[in-house]
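Hi,

Here is the structure I promised to pass on. Have a look at it first, and then read on for what I found.

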Amino acid sequence: MRIAGRKGGIGIARTVAVAAGLLASAGGAGSQTLAALPAVTIPAAAVGEARPVPAWTEFCARYASECAVDTSEPAQVTLTPRLWQTVTGINRQVNASLRAVTDQEHWGVPDRWDLAEDGSGDCEDYQLLKRKLLAQAGLPRRAMRMTVVIDEKGEGHAVLMLRTDRGDLVLDNKTSAVLPWHKTGYTFIKREGDENARWVSLGRAVSPVVTANR
């Protein structure tokens with residue numbers, strides 16, 4: 001999805017540089033308090049195993065390190081004001097930096113997951129880049145799970161779920177707000193598991209074959 005008011009891509013290299021500086025700037029914000037954090041909510045419950053979308057499997061064949069599950073990492077993070085600023089800052093920065101384009105327009109295929117290395121991509125590419133940048137900022141990959149939902153148009157869509165001690169939060173290219181999962185308005189289908197490479201089901205709705213909208 002295109003973000004309203006976007007002025008065009010500013011370049012992936014600049015995105016990485018800006019994201020790297022967010023941690024340093026966050027540390028000096030004396031006005032930050034716990035009151036600025038999202039309220040504590042119930043996390044999304046897994047109800048069994050699920051199959052990933054085929055494009056995820058293809059992505060993992062190209063970027064194995066992006067799909068590996070390190071069980072020595074924590075499965076959730078403690079959300080501090082500093083971490084919250086980093087997460088929201090990277091979410092905004094990536095949303096403003098990439099050019100929204102469908103996989104059909106971009107690659108000539110219905111669904112392809114990638115890291116938007118050329119500065120263009122659709123929903124899952126935004127979220128994969130956010131996860132990469134957040135991992136570089138020190139967040140455990142195991143606490144950041146790619147997630148498939150049905151959006152407000154009834155279409156398959158991909159978001160990034162950050163599992164925290166205050167509940168599961170969603171990073172999305174359709175909004176710069178990082179929201180608790182149950183306030184997005186989406187139907188949650190499945191996400192990466194945090195114990196192995198298998199995915200887990202989050203509900204009883206039929207899974208979309210692709211997540212190919214912008």
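Glycine 138, just after helix α6, takes a positive phi of about 110°. The helix itself covers residues 123–136. (Helices here are DSSP runs of H or I with at least four residues, strands are runs of E with at least two, and both are numbered from the N terminus.)

Before going further, some ground rules: this is a predicted model, where local features need pLDDT of at least 70 and side-chain atom pairs count only at pLDDT 80 or more, while totals for chains, interfaces and linings use all residues. Residues are numbered from 1 along each chain as its sequence is written, and side-chain values use heavy atoms, with hydrogens and water left out.

Back to α6. The expected span of a helix is 1.5 Å times one less than its number of residues. For the 14 residues of α6 that should give 20 Å, and the end C-alpha atoms are indeed 20 Å apart. Eleven of those 14 residues are buried, so α6 is largely enclosed by the rest of the structure. Buried means under 20% relative accessible area, exposed over 50%, and partly exposed in between, with a 1.4 Å probe and protein chains only. Among the buried ones are Cys123, Tyr126, Leu133 and Leu134.

Leu134 also turns up in the largest nonpolar core, which has 39 residues. (A nonpolar core is a set of buried Ala, Val, Leu, Ile, Met, Phe, Trp, Tyr and Cys residues joined through side-chain atoms within 4.5 Å.) Trp56, Phe59, Val87, Trp113, Leu134 and Met146 touch the most other members. Two or more residues come from each of α2 (54–62), α4 (81–97), α6, β4 (144–150), β5 (156–164) and β6 (167–172), and α6 gives the most, with six. Leaving aside residues up to four places away in sequence, leucine 134 touches Thr86, Val87, Ile90, Leu139, Met144, Leu160 and Leu171. Apart from this core lies another, of eight residues, including Ala44, Tyr186, Phe188 and Leu202.

Now the charged pairs. A salt bridge is a side-chain nitrogen of Lys or Arg within 4 Å of a carboxyl oxygen of Asp or Glu, and by this rule the count comes to twelve. What does lysine 132 pair with? Its partner is glutamate 66, with the closest N and O atoms 3.7 Å apart. Lysine 132 lies in α6 and glutamate 66 in helix α3 (residues 64–67), so the pair ties together parts that are 66 residues apart in sequence. Lysine 132 is partly exposed at 27% relative accessibility, whereas glutamate 66 is buried at 3%.

Glutamate 66 also meets arginine 141 in a salt bridge, at 2.8 Å from N to O. Arginine 141 sits in the loop between α6 and β4, 75 residues from glutamate 66, and is buried, with a relative accessible area of 19%.

Another bridge joins arginine 163 to aspartate 194, with 3.4 Å between the closest N and O atoms. Arginine 163 is in strand β5, and aspartate 194 is in the loop between β8 (187–192) and β9 (199–201), 31 residues apart. Both of these residues are buried. Elsewhere, Arg62, Arg112 and Asp114 form one network through salt bridges that share partners.

For the overall picture, the chain has six helices and nine strands, and 50% of its 214 residues are buried.

Best wishes

Methods: Contact = heavy atoms within 4.5 Å.
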